[in-house]
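Trainee: I've got a model open and I'd like to learn how to read it. Can you walk me through it?

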Amino acid sequence: LGQGLGRALLAGRPAAFTIHLRGGLGAGKTELARALLLALGHSGRVPSPTYTLVEPYTAAGYRVLHVDLYRLRDPGDLDDLGLVDDLGPGTIALVEWPEQAGGRLPPADLLITLEVSGSGRNATLQPQSAGGRALLAGLGNGTA
Ligand SMILES: Nc1ncnc2c1ncn2[C@@H]1O[C@H](COP(=O)(O)OP(=O)(O)OP(=O)(O)O)[C@@H](O)[C@H]1O
Ligand SMILES: [Mg+2]
């Protein structure tokens with residue numbers, strides 16, 4: 001799924017895109033972000049942003065921000081991260097634990113909810129914008 005989303009982003013080339021990744025501890029949010037970054041052409045490590053909260057990358061001409069808000073103590077601390085200001089054109093944001101922001105994040109283009117299912121995972125994809133719907137169409141029509 002992460003690879004397919006990465007390929008759909010390459011095909012659709014949105015100006016900016018934000019994915020919120022929901023699901024409990026170990027649901028597979030970081031793993032999905034890794035696969036997406038790989039599909040965008042990133043070849044280095046993708047450490048979990050658990051302690052840094054934000055890990056920035058450059059891939060496919062985008063600034064990609066991999067975010068994990070699990071350890072955000074107070075939604076007000078988001079301002080110190082400067083994250084919301086960074087979500088402009090040219091940026092792809094992959095946000096784990098977006099609910100920790102207490103509603104202070106701009107809406108996502110795509111909300112993905114992951115659940116453990118045996119040794120695999122179930123994913124529910126909910127587009128939240130026209131851009132999100134366009135990306136999902138790209139996922140399903142074979143261009144991804
Ligand atoms: N689709 C999958 N199928 C099987 N195993 C998976 C899948 N996705 C992730 N895993 C495994 O589940 C474990 C946890 O994955 P991951 O670190 O991506 O979870 P997470 O949702 O980011 O957790 P956290 O909330 O702690 O950040 C890892 O060992 C990973 O290899
Ligand atoms: Mg994680």
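**Around the ligands**

Mentor: Sure, and keep in mind that this is a predicted model. Start with ligand 1: a backbone N or O atom of G26 lies 3.0 Å from one of its oxygen atoms. Side chains join in too: a polar atom of W97 lies 3.0 Å from an oxygen atom of ligand 1, and one of R121 lies 2.8 Å from an oxygen atom of ligand 1.

Trainee: How much of the accessible area of ligand 1 does the protein cover?

Mentor: The protein covers 60% of the 630 Å² that ligand 1 has on its own.

Trainee: Which element gives the largest share of the shell around ligand 1?

Mentor: That's α2, with three residues.

Trainee: And which are the protein donors of the magnesium ion?

Mentor: For a metal, look for the atoms that hold it at short range. Here T30 (OG1) and E96 (OE) lie 2.0 to 2.2 Å from the magnesium ion (ligand 2). T30 sits in helix α2 (residues 29-39) and E96 in strand β4 (residues 91-96), so the pair ties together parts 66 residues apart in sequence.

Trainee: Are T30 and E96 buried or exposed?

Mentor: Both T30 and E96 are buried.

Trainee: What about the largest nonpolar core: which residues touch the most other members?

Mentor: Out of 23 residues, they are I19, V64, I92, L94 and I112. Helix α2 turns up again, giving the largest share of this core, four residues. Try clicking on V64: beyond its neighbours within four places in sequence, its contacts include L37, L40, I92 and L94. There's also a second, separate core of 12 residues, with L53, V67, L72 and A93 among them.

Key:
Residues are numbered from 1 along each chain as its sequence is written. Chains are lettered from A and ligands numbered from 1 in the order in which they are written. This is a predicted model: local features need pLDDT of at least 70, side-chain atom pairs count only at pLDDT 80 or more; totals for chains, interfaces and linings use all residues. Side-chain values use heavy atoms; hydrogens and water are left out. Donors are N, O and S atoms within 2.8 Å of the metal (3.2 Å for Na, K and Ca); water is not among the atoms, so sites may look incomplete. Helices (H or I, at least four residues) and strands (E, at least two) are DSSP runs, numbered from the N terminus. Buried means under 20% relative accessible area, exposed over 50%, partly exposed in between (1.4 Å probe, protein chains only). A nonpolar core is a set of buried Ala, Val, Leu, Ile, Met, Phe, Trp, Tyr and Cys residues joined through side-chain atoms within 4.5 Å. Contact means heavy atoms within 4.5 Å. A polar contact is a pair of N or O atoms within 3.5 Å; within protein, one must be able to donate a hydrogen and the other to accept it, and residues adjacent in sequence count only if both atoms are side-chain atoms. Accessible areas come from the Shrake-Rupley method with a 1.4 Å probe; for residues, only the protein chains shown count as cover.
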